[in-house]
Amino acid sequence: MGRRRFLRDLGYMSAAGGIFLSGLEFNGIFGVFEDGRKEDVIKVPKTPTSHLYPARRNPGFKLDRPLTDELVAGKYNNFYEFSTGKSVWKHVDKMQIRPWTVEVAGLVAKPRTYDIDELVRMMRLEERLYRLRCVEAWAMAVPWTGFPMRDFVKLMNPLSSAKYIRMQTFMKPEWAPSQRLRFWQPWPYEEGLTMAEATNELTMLVTGIYGHELPRQHGAPLRLITPWKYGFKSIKSIVRIEFTDRQPATFWNTAAPDEYDFFANVNPNIPHPRWSQKTEKIIGTDEERQTILYNGYGEYVSDIYKKAG
Ligand SMILES: Nc1nc2c(c(=O)[nH]1)N[C@H]1C(S)=C(S)[C@@H](COP(=O)(O)O)O[C@H]1N2
Ligand SMILES: [Mo]
């Protein structure tokens, strides 16, 4: 459905303090719906590191298409922990994003658990404009704020035996209904990258979007972005990062191995068993575009896959 059917306006909540939820203050960005109802589709958290936004934009990453409207991106999400539909924003209010810790484990010099704000302060935030291509054949283009995973890896000082990075989302059935109701699925969500992928220039650990911190539906407070891979690799709301010598299992590969592989590189010539991957639909406008190998990022990543083919 076109966005005009849903929203006529975009606005920020008046200043008098915003909304208090789960012990944290949020600023709402509302959509105005057909019937005139206003609803906070996007709730931007206020945290100890909010002052770091907006971060400087890295001009090196250009788009071949317009940016997706913030409200369009904020009400069309995949976050299976909360919903199998796209209106994830309606279901995330129980999620607590502070306090939040990230455990760094496995084959590193000093395994340790970091408070999210401590971790963010250790890194240099920047903004990049990237395309995102979901395996379901929809796409968007958004400004992410975060830091190169390469910088994080360097700081953590992995042992030479580390060959992969394994990442996990929270396990909190009390926030996330699917972790109770869809009990046969391999929760918590997990993903993995080879060390070459994790240290590629493009790979980002993301804490913000549209010049402010991530709202929960986009994977607050920390998620991955690998723009040359299908969106399901971009694991949300990370609580654990493990350096390992074994290829990690991944949520979708475990759930449906014939449909989702470990690498999941965007490739228009390899159809999904149930649909073509030749084209993609841009959310918000429904424009159809040709899908590009590696989502158009081949100049950065094709070397990684030369040997494997
Ligand atoms: N933990 C977790 N991470 C996830 C998902 C999920 O269901 N759970 N969905 C993935 C999929 S399929 C996509 S396309 C992107 C969507 O990111 P967005 O909602 O910010 O656009 O998140 C990915 N990360
Ligand atoms: Mo996706």
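Hi everyone, let me start with a single ring: F262 is buried, with a relative accessible area of 6%. Please keep in mind that we're looking at a predicted model. The neighbour in sequence, F263, comes out at 32% relative accessibility, so F263 counts as partly exposed. How do the rings of F262 and F263 meet? Their centres are 5.1 Å apart and the planes make an angle of 90°, so this pair is edge-to-face.

Let's step back to the whole structure, where a search turns up 23 aromatic pairs. One of them joins W187 and F251: the ring centres lie 4.8 Å apart with the planes at 40°, so we call this pair tilted. Where do these two residues sit? W187 belongs to the loop between helix 4 (178–181) and strand 10 (190–194), while F251 is in helix 6 (residues 251–255), so the pair ties together parts that are 64 residues apart in sequence. Both W187 and F251 are buried. They also belong to one aromatic cluster, whose other members are Y80, Y189, F232, W252 and Y260.

Rings also meet charges here. Over the ring of Y114 sits the charged end of R112, 4.3 Å from the ring centre. Over at W175, the charged end of K172 sits above the ring, at 5.5 Å from its centre.

Now for two loop residues that I'd like you to find on the screen. The first stop is P215, in the loop between strand 12 (212–213) and strand 13 (223–225). Is P215 buried or exposed? Its relative accessible area is 1%, and the cut-off for buried is under 20%, so P215 is buried. Leaving out residues up to four places away in sequence, P215 touches I42, K43, P45, I209 and A220. There is also a long step in sequence to look at: P215 and E70 are 145 residues apart along the chain, and 11 Å separates their C-alpha atoms.

The next stop is F79, which lies in the loop between helix 1 (70–74) and strand 5 (101–106). With 3% relative accessibility, F79 counts as buried. Which residues does F79 touch, not counting those up to four places away in sequence? The list is V88, F170, R216, Q217, G219, K236 and S237. As for K62, 17 residues separate F79 from K62 in sequence, and their C-alpha atoms are 27 Å apart in space.

That's my tour, thanks for listening, and I'm happy to rotate the model for anyone who'd like another look!

Definitions and conventions:
Residues are numbered from 1 along each chain as its sequence is written. Chains are lettered from A and ligands numbered from 1 in the order in which they are written. This is a predicted model: local features need pLDDT of at least 70, side-chain atom pairs count only at pLDDT 80 or more; totals for chains, interfaces and linings use all residues. Side-chain values use heavy atoms; hydrogens and water are left out. Rings of Phe, Tyr and Trp (its six-membered ring) pair if their centres lie within 6.5 Å; planes under 30 degrees apart count as stacked, over 60 as edge-to-face and the rest as tilted. Helices (H or I, at least four residues) and strands (E, at least two) are DSSP runs, numbered from the N terminus. Buried means under 20% relative accessible area, exposed over 50%, partly exposed in between (1.4 Å probe, protein chains only). A charge sits over a ring if NZ of Lys or CZ of Arg is within 6 Å of the ring centre and within 35 degrees of the ring normal. Contact means heavy atoms within 4.5 Å.
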